[in-house]
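User: I am new to this structure. Please take me through it one question at a time.

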Amino acid sequence: MDESELARGLEGVTVAETRLSDIDGEAGDLVVGGFPVADLATNATYEEALFLLYNDRLPTAAELDAFRADLADRRSVADEVRDVLRMAAEAGDPPMDALRAGVAAANLDTGEANPEGTARRAVAVLPTIAAAYWRYRQGTAPVEPDGGLRHAANYLYMLTGEEPDEASVRGLETYLNTVIDHGLNASTFAARVVISTESDIVSAVTAAVGALKGPLHGGAPGPVLDMLQEVHDSGDPESYVRTKLDAGERLMGFGHRVYRVRDPRAAVLSGAAERFYDAGGDAAFFETVTAFEEVATDLLAEYKPGRSLETNVEFYTAALLHGVGIPRDLFTPTFAVARVGGWTAHCLEQLQDNRLIRPRARYVGDRDRTWRPLADR
Ligand code: ACO
């Protein structure tokens with residue numbers, strides 16, 4: 001019999017050492033690759049943030065050029081992968097199901113023998129898969145990746161077929177960097193479990209996409225946008241919030257399991273959203289967003305005294321991604337486009353000092369049943 005303490009959901013259990021990111025939920029600090037998240041997210045290109053996670057240092061200009069070119073070379077998918085995405089779009093399959101199928105199918109044409117190359121391939125190909133699915137769903141043909149554009153710009157380009165403006169690229173890039181890694185969250189843990197069996201990185205990423213799909217992990221920003229749009233139309237945030245809280249419902253985009261203060265990623269993304277909307281976005285919509293945050297924070301304090309219910313990452317994710325032109329239904333796939341950097345970096349880290357991840361379960365079933373043949377049951 002197992003006498004060890006039961007850690008439901010592995011809460012509070014430390015199962016790996018990592019150099020990738022660290023969360024202090026009490027202080028509201030997040031360090032990614034040794035930098036406060038605000039510094040990394042606002043200064044780095046996605047390629048720089050990824051290089052940092054893979055190499056534990058920033059690249060030189062020459063290294064960054066080579067790294068960028070290598071990623072750009074790995075963006076295209078084979079016709080067979082496109083067929084899978086077209087069929088998923090035509091069948092009306094949800095975006096995360098299409099992404100998971102697309103990633104798994106991309107396994108067929110990686111041609112990669114080493115984990116580092118497969119990791120870069122997985123990062124490079126996720127935007128292509130998400131965008132191709134979206135284009136098929138709109139009844140249009142996918143747009144070929146443009147090797148001359150950086151990662152974030154190329155994703156926007158593949159969605160619309162038009163070269164994006166710099167404000168949108170910086171907005172998206174800041175988002176991708178902000179959420180590139182976040183400790184041992186469920187999808188990252190799923191990836192580490194798979195790679196710990198010495199499986200392969202595409203399999204690990206496929207499992208991680210499956211974990212991210214769940215509403216307890218990656219599903220909140222879409223409903224946040226619905227809420228913001230409803231409040232923007234009504235122009236009355238206070239009665240919206242009171243109606244929800246009086247009905248005992250939760251406000252999407254507020255509260256967090258780990259952070260007891262404002263999620264540091266919310267601060268980074270609110271700054272990025274402000275810069276984006278100031279540069280020519282829908283200013284009236286952004287006014288609704290900031291007014292809603294203020295009203296909701298005050299009312300949450302009134303309704304739940306003693307609780308710290310502050311804005312979480314999903315609130316400004318919705319405002320920013322909507323602004324830069326990511327369709328609502330691609331919010332969670334876009335989260336995957338960012339987090340695949342963390343997933344693959346964790347896989348490479350796990351492989352450096354691997355030990356099969358194999359926790360135990362406490363058996364609570366019967367032990368002394370007597371077998372009865374089928375005919376007697
Ligand atoms: N709106 C209203 N009340 C809330 C909210 C909220 N968003 N969040 C927590 N509360 C209330 C609960 O009703 C509870 O009240 P009670 O004690 O009167 O019953 C109290 O605060 C504590 O609730 P817990 O569930 O214990 O809080 P926890 O910190 O574990 O929950 C969670 C975290 C699940 C994120 C929660 O805040 C929530 O459901 N938020 C809305 C959904 C959301 O924004 N999810 C995205 C999170 S960010 C991410 O995961 C990447």
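## Salt bridges

User: What is the relative accessible area of K213?

Analyst: The model is a predicted one. Buried would mean under 20% and exposed over 50%. K213 falls in between, so it is partly exposed, with a relative accessible area of 39%.

User: Which residue forms a salt bridge with K213?

Analyst: The closest N and O atoms of this bridge are 2.8 Å apart. K213 sits in the loop between α10 and α11 (221-234), while its partner is in helix α5 (residues 95-106), so parts 116 residues apart in sequence are tied together. At 18% relative accessibility the partner counts as buried. That partner is D97.

User: Which helix holds both R86 and D83?

Analyst: Their side chains meet in a salt bridge, 3.4 Å from N to O. R86 is partly exposed at 27%, and D83 is partly exposed at 33%. They are 3 residues apart, separated by about one helical turn, in helix α4.

User: Which residue does E90 meet in a salt bridge?

Analyst: E90 counts as exposed, at 59% relative accessibility. Its partner also lies in helix α4, 4 residues away, about one turn of the helix. The N to O distance is 3.6 Å, and the partner is R86.

User: How many salt bridges does the structure hold?

Analyst: Some of them link up: R137, D226, R328 and D329 are joined in a network of salt bridges. Over the structure, the count is 22.

## Aromatic rings

User: What kind of aromatic pair do F51 and F67 form?

Analyst: A search of the whole structure finds 10 aromatic pairs. In this one the centres are 5.4 Å apart and the planes stand at 90°. An angle over 60 degrees puts a pair in one class, and for F51 and F67 that class is edge-to-face.

User: Which helices does the pair of F51 and F67 tie together?

Analyst: F51 and F67 are both buried. They are 16 residues apart in sequence, so the pair ties together separate parts. Those parts are helices α2 and α3.

User: What is the angle between the ring planes of Y54 and F67?

Analyst: Y54 is buried at 16%, and F67 is buried at 8%. Their ring centres are 6.2 Å apart, and the pair is edge-to-face, so the planes must be over 60 degrees apart. The angle is 85°.

User: Which residue lies over the face of W371?

Analyst: This contact sets a charge over a ring. The distance to the ring centre is 4.9 Å, and the residue is R377.

## The second largest pocket

User: Which helix gives the most to the lining of the second largest pocket?

Analyst: The pocket holds about 590 Å³ of space. Its lining has 24 residues, with E17, R192, E349, Q350 and Q352 nearest the centre. α2 (46-55), α6 (115-137) and α16 (331-352) each supply at least two. With 6 residues, the helix that gives the most is α16.

User: How many residues of the lining of the second largest pocket are nonpolar?

Analyst: The lining divides into three groups. Polar residues number 3, charged ones 9 and nonpolar ones 12.

## Backbone

User: What is the phi of E198?

Analyst: E198 is in the loop between α9 (186-196) and α10 (201-212). At 63% relative accessibility, E198 counts as exposed. It is not a glycine, yet its phi is positive, near 65°.

Note on methods
Residues numbered from 1 in each chain as written. Predicted model: local features only at pLDDT ≥ 70, side-chain atom pairs only at ≥ 80, totals over all residues. Heavy atoms only, no water. 1 Å grid on protein atoms, 1.4 Å probe; cavity = no way out; pocket = protein on both sides within 12 Å on 5 of 7 lines; lining within 4 Å. Points joined across faces, edges and corners; volume = space filled by probe spheres on them. Nonpolar A, V, L, I, M, F, W, Y, C, P; charged D, E, K, R; others polar. Buried < 20%, exposed > 50% of the residue type's maximum accessible area, 1.4 Å probe, protein only. Phe/Tyr/Trp six-rings, centres within 6.5 Å; stacked < 30°, edge-to-face > 60°. Lys NZ or Arg CZ within 6 Å of the ring centre and 35° of its normal. Salt bridge = Lys/Arg side-chain N within 4 Å of Asp/Glu carboxyl O.
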